[in-house]
Amino acid sequence: MAEFTMELNDEQKEVRDWLHGFAADVIRPAAAEWDEREETPWPVIQEAAKVGIYSLDFYAQQYFDSTGLGIPMVMEELFWGDAGIALSIVGTGLAAVGVLANGTEEQIGTWIPQMYGDANDVKVAAFCSSEPDAGSDVASMRTRAVYDEAKDEWVINGTKTWATNGGIANVHVVVAVVDPELGSKGHASFIVPPNTPGLSQGQKFKKHGIRASHTAEVVLDNVRVPGSCLLGGKEKLDERLARARERARKGGERVKNAAMATFEASRPAVGAMAVGTARAAYEVALDYAKTREQFGRPIIDNQGVAFQLADMRTQIDAARLLVWRASWMAINGKPFTAAEGSMSKLFASETAKKVTAQAIQILGGNGYTREYPVERMHRDAAIYTIFEGTSEIQRLVIARTLSGMPIR
Ligand SMILES: Cc1cc2nc3c(=O)[nH]c(=O)nc-3n(C[C@H](O)[C@H](O)[C@H](O)COP(=O)(O)OP(=O)(O)OC[C@H]3O[C@@H](n4cnc5c(N)ncnc54)[C@H](O)[C@@H]3O)c2cc1C
């Protein structure tokens with residue numbers, strides 16, 4: 001187990017500087033254009049693939065860094081560049097993690113390379129869990145997967161919503177109900193291979209922020225996938241369902257679980273994205289406050305402005321520390337007894353919203369225009385308090401640990 005550290009080692013600093021260079025030279029200059037276009041920035045993803053930032057190998061290397069700081073460092077730097085473009089680069093990772101967490105060796109080897117494609121022909125993947133009536137309340141999911149034993153195929157029907165890369169992905173990972181009596185314990189994940197008949201894109205959402213990231217509904221109409229597309233395989237699923245049924249029988253009631261705690265280990269990564277956006281806005285505001293003069297002196301010479309910057313910086317550093325702590329706990333298998341993963345995401349995402357709003361204030365009229373990036377950063381920051389569990393759900397999970405209720 002690595003000791004908890006607040007300092008990056010030399011190797012990490014080298015990677016961070018390299019990522020920062022890519023974020024500053026490639027991502028940031030493209031940010032305003034793709035925000036306006038509201039389209040997936042394929043050329044930027046391709047650039048990322050060419051230099052090795054868009055690949056499973058790179059993320060796996062960072063993920064298995066025993067200090068836990070690899071992934072937060074990557075997220076902070078890329079999202080410092082631009083949140084929408086960065087999500088287009090890391091969004092495939094959501095689906096890849098779904099396969100890594102539940103798939104067999106063979107499934108991992110078959111499907112993950114198809115999620116990324118290669119630098120000459122980049123692909124993206126989508127993770128489809130949320131539904132119109134099942135957002136925070138995952139247990140209300142309706143998309144149904146039924147096994148057709150004669151053909152060894154699963155038949156999937158339902159509508160997914162809010163899927164990052166939904167409909168444009170080469171590979172979709174779809175969560176569906178296999179036993180409606182078991183609530184979220186009766187869910188299973190499936191690979192939907194490229195060009196599978198019956199899968200189509202529904203409406204593409206026009207969003208407030210992260211507009212360079214594609215978000216859409218995914219409609220599944222009698223989608224048939226081979227038995228081999230059930231992540232983890234049928235035997236493992238049957239065993240898991242049998243255990244869940246037994247527990248439900250003993251408990252005497254339908255298993256109801258809002259699946260609020262499943263994401264403790266992945267939430268710090270979203271916290272790190274928020275830190276990246278907050279830091280970006282803070283840096284623009286600091287620079288502006290030092291150079292903009294009113295009443296014959298830089299506006300930072302007013303305590304009212306300088307104190308705002310002091311608060312912004314303090315909150316960003318505090319957010320990063322919570323993120324790093326939770327990431328270190330995750331990789332070192334520490335139990336999240338106080339929902340430290342949720343704490344990090346809650347604090348960092350609320351910080352990003354607050355700091356980006358303060359940045360607009362410090363830039364005055366300029367901050368309110370699209371000539372300066374803080375307006376976009378503020379729109380982008382709002383997503384962090386919504387996806388991967390809203391701030392209210394984070395509070396709910398944290399509160400449960402305080403009151404002694406089980407969070408799993
Ligand atoms: C841009 C974007 C990208 C996304 N990407 C993906 C993706 O790739 N894959 C995917 O599966 N999903 C994705 N999501 C979905 C996201 O995870 C959900 O939006 C989120 O979980 C909230 O669900 P909801 O929108 O249905 O809100 P609801 O659950 O309807 O919540 C509405 C409000 O009620 C509050 N609330 C709900 N329950 C409680 C409670 N028990 N106590 C207190 N307050 C409560 C919420 O906090 C919120 O303020 C994405 C969403 C967005 C906007």
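The exercises below, each with a worked solution, deal with the fold of one chain, two annotated spans and the surroundings of a ligand.

The structure is a predicted model, in which local features need pLDDT of at least 70, side-chain atom pairs count only at pLDDT 80 or more, and totals for chains, interfaces and linings use all residues. Residues are numbered from 1 along each chain as its sequence is written, and side-chain values use heavy atoms, with hydrogens and water left out.

**Exercise 1.** Describe the secondary structure and the overall dimensions of the chain.

*Solution.* Begin with the elements, which are DSSP runs numbered from the N terminus (helices are H or I with at least four residues, strands are E with at least two): the chain has 12 helices and 11 strands. Next, take the radius of gyration over C-alpha atoms and compare it with the globule rule, 2.2 Å times the number of residues to the power 0.38. The chain has a radius of gyration of 22 Å, close to the 22 Å given by the rule for 408 residues, so it is as compact as a globular protein of that length. Finally, along the principal axes, the C-alpha atoms fill a box of roughly 80 × 50 × 40 Å.

**Exercise 2.** Set out the helix and strand content of residues 9–115 and of residues 126–223.

*Solution.* Residues 9–115 carry the UniProt feature "domain: Acyl-CoA dehydrogenase/oxidase N-terminal" from an unreviewed entry; UniProt positions are given in the numbering used here, feature names are shortened, and annotations may be inferred rather than shown by experiment. This span is 83% helix and 0% strand, with its end C-alpha atoms 31 Å apart. For residues 126–223, UniProt gives "domain: Acyl-CoA oxidase/dehydrogenase middle", again in an unreviewed entry. That second span is 0% helix and 49% strand, and its end C-alpha atoms lie 16 Å apart.

**Exercise 3.** Work out which residues come nearest to the ligand and which polar atoms lie beside it.

*Solution.* First, count a residue as near if one of its heavy atoms lies within 4 Å of the ligand; of the 20 residues around the ligand, Ser130, Ser136, Trp162, Thr390 and Glu392 come nearest. Then look for polar contacts, meaning pairs of N or O atoms within 3.5 Å. A ligand nitrogen atom is 2.8 Å from a polar backbone atom of Phe127, while a ligand oxygen atom is 2.9 Å from a polar backbone atom of Ser129. With Glu392, a ligand oxygen atom is 2.6 Å from an N or O atom in the side chain. Lastly, the elements that give two or more residues to the shell are strand E5 (153–164) and helix H12 (391–403).

Definitions and conventions. A polar contact is a pair of N or O atoms within 3.5 Å; within protein, one must be able to donate a hydrogen and the other to accept it, and residues adjacent in sequence count only if both atoms are side-chain atoms.
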